[in-house]
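I opened this model to look up its empty spaces, its helix packing and a few single residues. My notes follow in the order I took them.

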Amino acid sequence: MASEQQMKNPLFVGTAIRAQLEHEVPQDLPLLKDFREHTDYTITDHVQLLHRALTKDPRTLQLVTTLVSHLHAFARETQLTHDEWKTAIAFLTRAGKESTDYKNEFVLLSDCLGLSVLVDELNHPKPAGCTDSCEPGPFYLEGARELPSGSSLAKKGTKGEAMFFSGTVKNTQGQGIKGAKIDVWQADGDGIYDVQYPDREEDNDRGKITAEPDGLFCYRGILPTAYPIPSDGPAGDLLRVLGRHPHRASHLHFFLKAPNYDDLTTALYPSHSPFLGTDPVFATKKSLICELVEERNPEEWKKMGFGEGEVPHGRVWVWKYDFVLPTMAEVEQAHRSHALAVDRERL
C-alpha cells in the first residue's frame, strides 16, 4: 500500500498522475492475495472486496456489487469467448457513437430488451384495478396547448381518418377526479408525429385537456397508425438477429396528473392494430387494448362536434376508455406491500 509520499515520488509516478494528486490523493490498498478462476478467490471476489473497502455511498455499492455479480455470472454461465466480448464492446461503442438527441440507442436497447418496462413496473406498483402504465417515448413535449374538453387536437388537412375519443378519469372508488389534466399526443394517419415534420409550426395531434368535474373528457382527432422505431442502428441490428421487427402497434399516448394522485403515463391501442403481440418495446398490455366502433351516421358526427367536410372517409372511429388513478397514499401502500413480498422471497 503506497503512502502519499510514494505516490508523488517522480521516481515511481509519472507527471499525469502527479498533476492529478494535487487535487485528490486516492486511497491505496495492498494486494494481499492472488485471484484466479476455479479457486476460492476469483476476480469477482477481488472486485467486490475492493469496492466494499473504498465505496462510501451505500446505494452505489449495492448497485455496483449486484451488477458485477450478475455480469460475472453471465460470463461464466455462457462461457463467454474473447471474440464475443470484443463484438459486444464494438456493439456498445456503436450505440454510443450513433446516439443523438432524437435517437438514443441505449434507450432503444433498454426498451427492446424489456428493461424499461421492468423499471417502470418496479417504480410504479399499483393497486388492483388501476390503469397500467408505460414509458412516454421520445415524442412527448411539455407545454402543449391547453384546450377545453370536446376540442379538436388535429389541424385541418391532417392525414388520417376521423376519430372521437371519450374517457373518464376516476379514483379507485369509482368517483370522477375533478380538474385532472390529460396530456395527449399521437402519430397521424401516416404514422408520423408532428415533431417529425420539418415544416412544423405548431402543435398537431397533441394537446392538454382538463377533465370536467365528473372526470369526463373528450376530443376529436385522427385515428393513429402503426410506425417503426428507429432500426438503422445497433438496436435495429439486435432486433433482426433475434428474428424480431421494429414495428410499434398503433396507439395514443396519455399523461394524466391530478393533485394528491399518482401521475400516470400510459398508451392505448386499438384492437385492430397489427403487432400487438410483438411490439418491439413491450408496451402493449391486454388491459390497454380497446375495441373501437365505426360510426357512420352523420347526425352522430354532429353531436361529436364534427363539421361539414370533416369526415371525408364516411366514418368516425369511436374510442372509449376509463382511466383509474390511485392516490399517493394507495401507491405508498403498494410500495410497502411490494417491499415486503421482495423481503419474503429473499428469506
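Before the volumes, I wrote down the term. A pocket is an open set of grid points with protein on both sides within 12 Å along at least five of seven lines. Its volume is the space filled by probe spheres set on the points. I also noted that this is a predicted model.

**Entry 1: second largest pocket**

I started with the second largest pocket, which holds about 650 Å³ of space. I then listed the elements that give two or more residues to its lining: helix H4 (58–78), H5 and H6. H5 gives the largest share, seven residues. The lining has 18 residues, and those nearest the pocket's centre are Leu 71, Phe 74, Ala 88, Phe 91 and Leu 92. By class I logged 14 nonpolar, three polar and one charged.

**Entry 2: largest pocket**

I moved to the largest pocket, with a volume of about 790 Å³. It is lined by 28 residues, and Tyr 102, Leu 108, Gly 137, Pro 138 and Phe 139 are the closest to its centre. H6, helix H7 (115–123) and strand E6 (227–228) each supply at least two lining residues. Which element gives the largest share of this lining? I found that H6 does, with three residues. The class split here is 17 nonpolar, six polar and five charged.

**Entry 3: the cavity**

Next I looked for closed space. Rolling a probe the size of a water molecule over the atoms shows where empty space is left. I found one cavity of 30 Å³ or more. Its volume is about 30 Å³. The residues lining it are Val 117, Asp 120, Ser 133, Cys 134, Glu 135, Phe 282, Ala 283 and Lys 285. I sorted them by class: four nonpolar, one polar and three charged.

Phe 282 deserved its own check. I placed it in the loop between strand E9 (264–270) and strand E10 (289–290). Its phi is positive, near 60 degrees, and the residue is not a glycine. Is Phe 282 buried or exposed? Its relative accessibility is 39%, so I noted it as partly exposed.

**Entry 4: H5, H6 and H8**

Two packed helices are described by the angle between their axes and the distance between the axes. I took H5 and H6 as a pair. Their axes come within 8 Å and cross at roughly 125 degrees. I therefore logged H5 as oblique to H6. From H5, the residues in contact are Phe 91, Leu 92, Ala 95, Gly 96 and Glu 98; from H6, they are Glu 105, Phe 106 and Leu 109. The contact counts five nonpolar, one polar and two charged residues.

I then asked which residues of helix H8 (residues 234–241) are buried. They are Pro 234, Ala 235, Gly 236 and Leu 239. These buried residues pack against helix H5 (82–98) and helix H6 (105–112). After H8 comes Gly 243, with a positive phi near 75 degrees.

**Entry 5: H3 and H4**

I checked a second helix pair. Helix H3 (residues 43–54) and H4 pack at an angle of about 175 degrees, with axes 10 Å apart. Why is this pair roughly antiparallel? Angles over 145 degrees count as roughly antiparallel, so H3 and H4 qualify. On the H3 side I listed Ile 43, Thr 44, Val 47, Gln 48, His 51 and Arg 52. On the H4 side I listed Leu 61, Val 64, Thr 65, Val 68, Ser 69, His 72 and Arg 76. The contact divides into five nonpolar, six polar and two charged residues.

**Entry 6: His 38**

I found His 38 in the loop between helix H2 (15–21) and H3. Its phi is near 70 degrees, a positive value in a residue other than glycine. At 78% relative accessibility, I counted His 38 as exposed.

**Entry 7: Met 304**

I ended with Met 304, which sits in helix H9 (residues 298–304). Met 304 is buried, with a relative accessible area of 12%. Leaving aside neighbours within four places in sequence, I listed its contacts: Phe 164, Arg 220, Glu 295, Val 316 and Val 318. I also looked up Met 304 against Arg 200. They are 104 residues apart in sequence and 27 Å apart in space, C-alpha to C-alpha.

How values were computed
Residues are numbered from 1 along each chain as its sequence is written. This is a predicted model: local features need pLDDT of at least 70, side-chain atom pairs count only at pLDDT 80 or more; totals for chains, interfaces and linings use all residues. Side-chain values use heavy atoms; hydrogens and water are left out. On a 1 Å grid over the protein atoms alone, a cavity is a set of points where a 1.4 Å probe fits but cannot get out, and a pocket is an open set with protein on both sides within 12 Å along at least five of seven lines; lining residues have an atom within 4 Å of a point. Ala, Val, Leu, Ile, Met, Phe, Trp, Tyr, Cys and Pro count as nonpolar, Asp, Glu, Lys and Arg as charged, and the others, Gly among them, as polar. Buried means under 20% relative accessible area, exposed over 50%, partly exposed in between (1.4 Å probe, protein chains only). Helices (H or I, at least four residues) and strands (E, at least two) are DSSP runs, numbered from the N terminus. Contact means heavy atoms within 4.5 Å. Axes are lines fitted to C-alpha atoms, for helices over the stretch in contact, and angles run from 0 to 180 degrees between N-to-C directions. Angles under 35 degrees count as roughly parallel, over 145 as roughly antiparallel, 65 to 115 as roughly perpendicular and the rest as oblique.
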